[in-house]
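Here's a quick look at a model you may want to poke around in. Load it up and follow along.

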Amino acid sequence: MNFQSQIKKIQQNKALVEQLMQSPDGQKLLSMLTKDGGTQLKNATDAAAQGNTADMVRMIAELMKSDEGSQIIHNLNQQIK
């Protein structure tokens, strides 16, 4: 499943979002994404809601550079499938 498909699936399933964000990996991800107070995350999610996922993709790519971020993204990705 590609990133766009995953975003659409997440947008259409609020229960899945809640489940993912309440999980330990979701909490770690949220912590990593809000180190700046959440400004970048808010801007990226606002843009993604309008169909522009470039900022979100960039943020995820940055997280994937670290071992911890890569593992968290992998774990959450498995839960989305």
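What follows covers the overall fold, one helix pair and the main pocket.

Keep in mind that this is a predicted model. The protein chain has six helices and zero strands, so reading from the N terminus you get α-α-α-α-α-α. The radius of gyration is 12 Å, close to the 12 Å the globule rule gives for 81 residues, so the chain is as compact as a globular protein of that length. Along the principal axes, the C-alpha atoms fill a box of roughly 25 × 25 × 20 Å.

Now for the helix pair. The axes of helix 4 (residues 39–49) and helix 5 (residues 54–64) come within 7 Å and cross at roughly 135 degrees, which makes helix 4 oblique to helix 5. On the helix 4 side, the residues in contact are Q40, L41, A44 and T45, and they meet D55, M56, R58 and M59 of helix 5. Sorted by class, that contact holds four nonpolar, two polar and two charged residues.

And the pocket? The largest one has a volume of about 730 Å³. Its lining counts 21 residues, with I7, I10, M21, L29 and M56 lying nearest the centre. M56 also turns up in the contact between helix 4 and helix 5. Helix 1 (3–12) gives the most to the lining, five residues, while each of the six helices listed, from helix 1 to helix 6 (67–80), supplies at least two.

Here's the lining of the largest pocket by class:

| Class | Residues in the lining |
|---|---|
| Nonpolar | 17 residues |
| Polar | four residues |
| Charged | no residues |

Methods:
Residues numbered from 1 in each chain as written. Predicted model: local features only at pLDDT ≥ 70, side-chain atom pairs only at ≥ 80, totals over all residues. Heavy atoms only, no water. Axes fitted to C-alpha atoms, helices over the stretch in contact; angles between N-to-C directions. Helix = DSSP H or I, 4+ residues; strand = E, 2+ residues; numbered from the N terminus. Parallel < 35°, antiparallel > 145°, perpendicular 65-115°, else oblique. Contact = heavy atoms within 4.5 Å. Nonpolar A, V, L, I, M, F, W, Y, C, P; charged D, E, K, R; others polar. 1 Å grid on protein atoms, 1.4 Å probe; cavity = no way out; pocket = protein on both sides within 12 Å on 5 of 7 lines; lining within 4 Å. Points joined across faces, edges and corners; volume = space filled by probe spheres on them. Rg over C-alpha atoms; globule rule 2.2 N^0.38 Å.
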